[in-house]
Amino acid sequence: MIADCTGDNAGDSVGPTADGFETYGVTGVALITFILLAVKDPTVQVQLLVWIFVMRVIMLVASALAYFINGAIAKARYGQLDRFNYEAPLTSLVWLTSFVSIVLTYAASKLMIPALLGDTSLWWKLATIISCGTLAAR
């Protein structure tokens, strides 16, 4: 009985994490493949490949930054309370992470790919696509 409960708990905890990591990996491979097949100019291929990896790193940085900011805010708001809704700091963490991620996405895109193939609007279009995905996953 105890082993069954432990196994169920481990499966419920590790399963979604493994699925998320696998989805993250598969998405990366798909994006790399798409860039290599859809973009003919090798210079633009390299720019987009570097950009997409930087975007992935930015998501990790945004998550860590938001975690520490949210921790400070939660401590200030709820640190002295005996009872509070435990979901509130988690919800604010999700929103804060999304906001920080979107801001960093636009800033880095503007800096990294201000003009692709002479088009100065692609940076914000690509940043908007990522931002829509960020908000949809929220």
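## Close-up views of a four-helix predicted model

**View 1. Leu65 sits in helix H2.** Helices here are DSSP runs of H or I with at least four residues, strands are E runs of at least two, and both are numbered from the N terminus. This is a predicted model, in which local features need pLDDT of at least 70 and side-chain atom pairs count only at pLDDT 80 or more, while totals for chains, interfaces and linings use all residues. Residues are numbered from 1 along each chain as its sequence is written, and side-chain values use heavy atoms, with hydrogens and water left out. Is Leu65 buried or exposed? Leu65 is partly exposed, at a relative accessible area of 42% (buried is under 20%, exposed over 50%, partly exposed in between, with a 1.4 Å probe and protein chains only). From Leu65 to Val100 the C-alpha distance is 8.1 Å, with their places 35 residues apart in sequence.

**View 2. Asn70 also belongs to helix H2, which covers residues 42-78.** Asn70 is buried, as its relative accessible area is 7%. Which residues does Asn70 contact, leaving aside neighbours within four places in sequence? They are Pro89, Ser92, Leu93 and Leu96, where contact means heavy atoms within 4.5 Å.

**View 3. Helices H2 and H3 pack at about 145°.** Their axes are 7 Å apart; axes are lines fitted to C-alpha atoms, for helices over the stretch in contact, and angles run from 0 to 180 degrees between N-to-C directions. H2 passes H3 in a right-handed crossing, meaning that the near helix is turned clockwise from the far one by less than a right angle, whereas anticlockwise would be left-handed. The contact of H2 with H3 has 21 nonpolar residues, seven polar and no charged ones. For these classes, Ala, Val, Leu, Ile, Met, Phe, Trp, Tyr, Cys and Pro count as nonpolar, Asp, Glu, Lys and Arg as charged, and the others, Gly among them, as polar.

**View 4. Helix H2 meets helix H4 (residues 122-137) with axes that come within 13 Å.** The two axes cross at roughly 35°, and the crossing of H2 past H4 is right-handed. On the H2 side are Leu48, Trp51, Met55 and Met59, which meet Leu126, Ala127, Ile130 and Thr134 of H4. By class, this contact has seven nonpolar residues, one polar and no charged.

**View 5. The largest nonpolar core has 14 residues.** A nonpolar core is a set of buried Ala, Val, Leu, Ile, Met, Phe, Trp, Tyr and Cys residues joined through side-chain atoms within 4.5 Å. Which members touch the most others? They are Ile35, Val44, Leu48, Trp51, Met55, Ile113 and Leu116. H2 and H4 each supply at least two residues of this core, and the largest share, seven residues, comes from H2. Another core lies apart from it, with five residues, among them Ala66, Leu93, Leu96 and Val100. Beyond four places in sequence, Trp51 touches Ser109, Met112, Ile113, Leu126, Ala127 and Ile130.

**View 6. Leu117 lies in the loop between helix H3 (87-112) and H4.** The phi of Leu117 is near 55°, a positive value in a residue other than glycine. Leu117 counts as exposed because its relative accessibility is 64%.

**View 7. The whole protein chain has four helices and zero strands.** Of its 138 residues, 26% count as buried. Among contacts between residues at least 6 apart in sequence, 62% join residues at least 24 apart.
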